[in-house]
Amino acid sequence: TTSFCLLVHSLVQSKLYWPASSLLQTVLERGENPSSVFQNVFASYKRSVFNSTYGFDLLIQNYVQSRRVLDSVVVVKSMKECGLFPEVRTISAVLYGLIKIRRFEMVLGLFDEMFMSSKLVPDSYVYAAVIRSLCELNDYDRAKEMISWAEKNGGCKLNVVIYNVLIHGLCKSGRVWEAVDIKKMLGFRGLRADVVTYCTLVLGLCRVDEFGSALDLVDEMVEYGIVPSEEALSSVVDGMRRKGEVGKAYGLIDKVGKLGQMPNLYVCNAMLQSLCKDEGLEKAKTLFMQMEEKGLLINDISYNIIIDTFCKRGEVDEAIAVFGRMINAGIQPT
RNA sequence: AAGGAUAACCCGA
């Protein structure tokens, strides 16, 4: 093992990271416990003339990638005890490993240990991990405190992702209006809501049946040229439709359609149905054309709705024409 | 030089 470790350090010195990493992998597979592996790597580090500590980072990475996150934590802590520090990026990989196994308290503990009592400066990835953990622990007060603290003396410029994490957490906990407030404050921090911010809020609002506000947000994002996801758009359109606001729902499809986005087929079919019933056939036909243009995979149900409507109006010729198009499109009549 | 981050999507329980 000692020769392995010496070799690792020298490979790292020559920037041969990939071989160094696979060498470490074989060391890990020997099943030694992480502190003794660390001792070995540390002993050969001291003996060698190389001064890059990146070999330790690779060791940590290897543990994380082998889903041995807790072992990676041992190495990080051992390094600190020996006065060595991994790169911030490496620590962040460990933090996300911990999040994946839902050890949120450990994320907070490691954050304190590594960043509160050293010269290491957390970056936005690290803050995102901490905020995420606080949200998962339902401690939104502390999450907000942490953000204000980081804004003042965090040493790095917070980006929109951090706020998106908080917004998502609040929405998931049903605190949608707080989430909306956070978004409103982004401007004062020199940030702009992005597609994730908007989609998260839109879906959060839909989940608590606030379709009107969701609609306003979609309007706003479209003004900024941000295209809502199919999922977000579908939720709002279907919500408005179920509230009986079929006209508004249709207007939204029309508007967003110009940006190339359509609701999913389910929602479109429901809209066809509602338009035929409440708004007359013209709009339904227009929607149907849009669905064809946008390449939505129209199914038998979509055709049946149109055919049925023509039949009910006694326009059998039209119905047969649509039936013909259906056959041409290769769809089995049902 | 590396599989370091947030919605949705997907898959499994």
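**Exercise 1.** Which base atom of RNA strand B lies 3.3 Å from a polar side-chain atom of Y125? Identify further polar contacts to bases and the helices involved.

*Solution.* This is a predicted model, in which local features need pLDDT of at least 70, side-chain atom pairs count only at pLDDT 80 or more, and totals for chains, interfaces and linings use all residues. Side-chain values use heavy atoms, without hydrogens and water.

Step 1. The partner of Y125 is a base nitrogen. A polar contact is a pair of N or O atoms within 3.5 Å.

Step 2. S92 places a polar side-chain atom 2.6 Å from a base nitrogen of RNA strand B, and for R89 the distance to a base nitrogen is 3.2 Å.

Step 3. The elements giving two or more residues to this surface include α6 (88-100) and α8 (124-136). Helices are DSSP runs of H or I with at least four residues, numbered from the N terminus. The largest share, five residues, comes from α6.

**Exercise 2.** How many residues surround RNA strand B, and how do they divide by character?

*Solution.* Step 1. The strand is surrounded by 23 residues, where near means a heavy atom within 4 Å.

Step 2. They divide into 11 nonpolar, eight polar and four charged residues; Tyr counts as nonpolar and Gly as polar.

Step 3. Of the RNA atoms within 4 Å of the protein, 39% belong to sugar or phosphate, and the rest to bases.

**Exercise 3.** Describe the overall build of chain A.

*Solution.* Step 1. Chain A comprises 19 helices and zero strands.

Step 2. Its C-alpha atoms fill a box of roughly 90 × 45 × 30 Å along the principal axes.

Methods: Residues are numbered from 1 along each chain as its sequence is written. Chains are lettered from A and ligands numbered from 1 in the order in which they are written. A polar contact is a pair of N or O atoms within 3.5 Å; within protein, one must be able to donate a hydrogen and the other to accept it, and residues adjacent in sequence count only if both atoms are side-chain atoms.
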